[in-house]
Amino acid sequence: MHSDTTGSWMPVALSGDLPAGTVMPARIPAGSVALWRSASGRPAASADRCPHRGMRLSHGFVRGEALSCIYHGWSYGQAGNCLRIPAHPRLAPPETIRVTTHRVEESDGLIWIAVGNPLSQPPRLTDFVPLRSLTVLAGVAAIEAAAGAKANLEGLLEVGEDAGNICLLLSPRDDEETLTHVLIKGEAGPAECTAASRTAESLRRKAEGLQKKEITQ
Ligand code: FES
């Protein structure tokens with residue numbers, strides 16, 4: 001998590017995992033989030049709870065520039081305002097019907113959600129190409145122990161024999177679970193991508209083993 005004095009940025013997904021017109025679940029300290037991308041390509045993050053009857057908006061669908069709830073079809077704009085209530089097609093939904101939204105930034109192939117009110121922008125990772133994300137059932141300390149290295153302030157951890165060529169961007173969900181984005185330095189061919197993926201998987205297994213050991217001790 002990249003922080004300043006007023007807040008921080010969490011890398012919640014790879015850009016490539018959220019195509020235009022789709023929605024996916026994500027998690028930040030404030031709770032579950034429906035992360036979605038409009039048909040025109042703009043990402044947005046809404047609280048994952050429909051103001052109508054509480055259905056998860058991440059189960060919904062994107063139409064044009066709106067996110068619709070799967071239950072009764074209420075739809076919401078990127079600012080969180082309710083745009084349409086299908087059971088009352090002539091009603092202009094009142095301003096008071098809104099879903100909470102979070103600031104989103106997208107850069108260098110990653111999507112970031114603001115936690116609090118950070119004054120700075122998310123860190124730039126221009127030297128890296130994001131490869132994939134994986135959930136590690138271990139905290140940052142166990143991942144660092146498995147890698148034999150420490151993450152920097154931005155959450156970047158160098159791993160593998162070619163340290164510096166493969167980095168994990170760590171985004172802790174809690175003390176026992178870390179969303180981990182695998183990044184490769186520069187252009188990489190299929191062989192390098194497969195090797196980086198294997199390195200990350202083996203580190204995941206090792207970190208999860210260490211985490212279990214710590215819990216059972
Ligand atoms: S619960 Fe979402 S529209 Fe009814």
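## The span of residues 9-113

The end C-alpha atoms of residues 9-113 lie 6 Å apart, and this span is 0% helix and 44% strand. The model described here is a predicted one. In the UniProt record, an unreviewed entry, residues 9-113 carry the feature "domain: Rieske".

## A hairpin between strands 3 and 4

Strand 3 covers residues 22-28 and strand 4 covers residues 31-37; the two pair in the antiparallel sense over seven bridges. The connection from strand 3 to strand 4 is a hairpin of two residues. One of the bridges can be followed by name: Ile28 has Gly31, in strand 4, as its bridge partner.

## Overall form

The protein has two helices and 16 strands in its secondary structure. Its radius of gyration is 19 Å, close to the 17 Å given by the globule rule for 217 residues, so the protein is as compact as a globular protein of that length. The C-alpha trace spans about 65 × 40 × 35 Å along the principal axes.

Of the 217 residues, 44% count as buried. The accessible surface comes to about 11200 Å², and carbon and sulfur atoms account for 51% of that area. Contacts also link distant parts of the sequence: among those between residues at least 6 apart, 52% join residues at least 24 apart.

## The largest nonpolar core

In soluble globular proteins, nonpolar side chains tend to be buried together. In this model the largest nonpolar core holds 17 residues, of which Ile143 and Leu168 touch the most other members. Two or more residues of this core come from each of the following elements: strand 13 (128-136), helix 1 (140-147), strand 14 (156-159), strand 15 (166-174), strand 16 (177-185) and helix 2 (190-216). Helix 2 gives the largest share, four residues.

The surroundings of Ile143 can be listed in detail. Leaving aside residues up to four places away in sequence, Ile143 touches Val136, Ala138, Leu157, Leu170, Thr178, Thr180, Leu203 and Ala207.

## A second core

A separate second core consists of 16 residues, among them Ala34, Ala44, Cys69 and Ile97. Ala34 belongs to this second core, and strand 4, which pairs with strand 3, covers residues 31-37.

Technical notes. Residues numbered from 1 in each chain as written. Predicted model: local features only at pLDDT ≥ 70, side-chain atom pairs only at ≥ 80, totals over all residues. Heavy atoms only, no water. UniProt positions renumbered as here; feature names shortened; annotations may be inferred. Pairing = 2+ DSSP bridges. Rg over C-alpha atoms; globule rule 2.2 N^0.38 Å. Buried < 20%, exposed > 50% of the residue type's maximum accessible area, 1.4 Å probe, protein only. Contact = heavy atoms within 4.5 Å. Areas by Shrake-Rupley, 256 points an atom, 1.4 Å probe, with all protein chains shown as cover. Core = buried A, V, L, I, M, F, W, Y, C linked by side-chain atoms within 4.5 Å.
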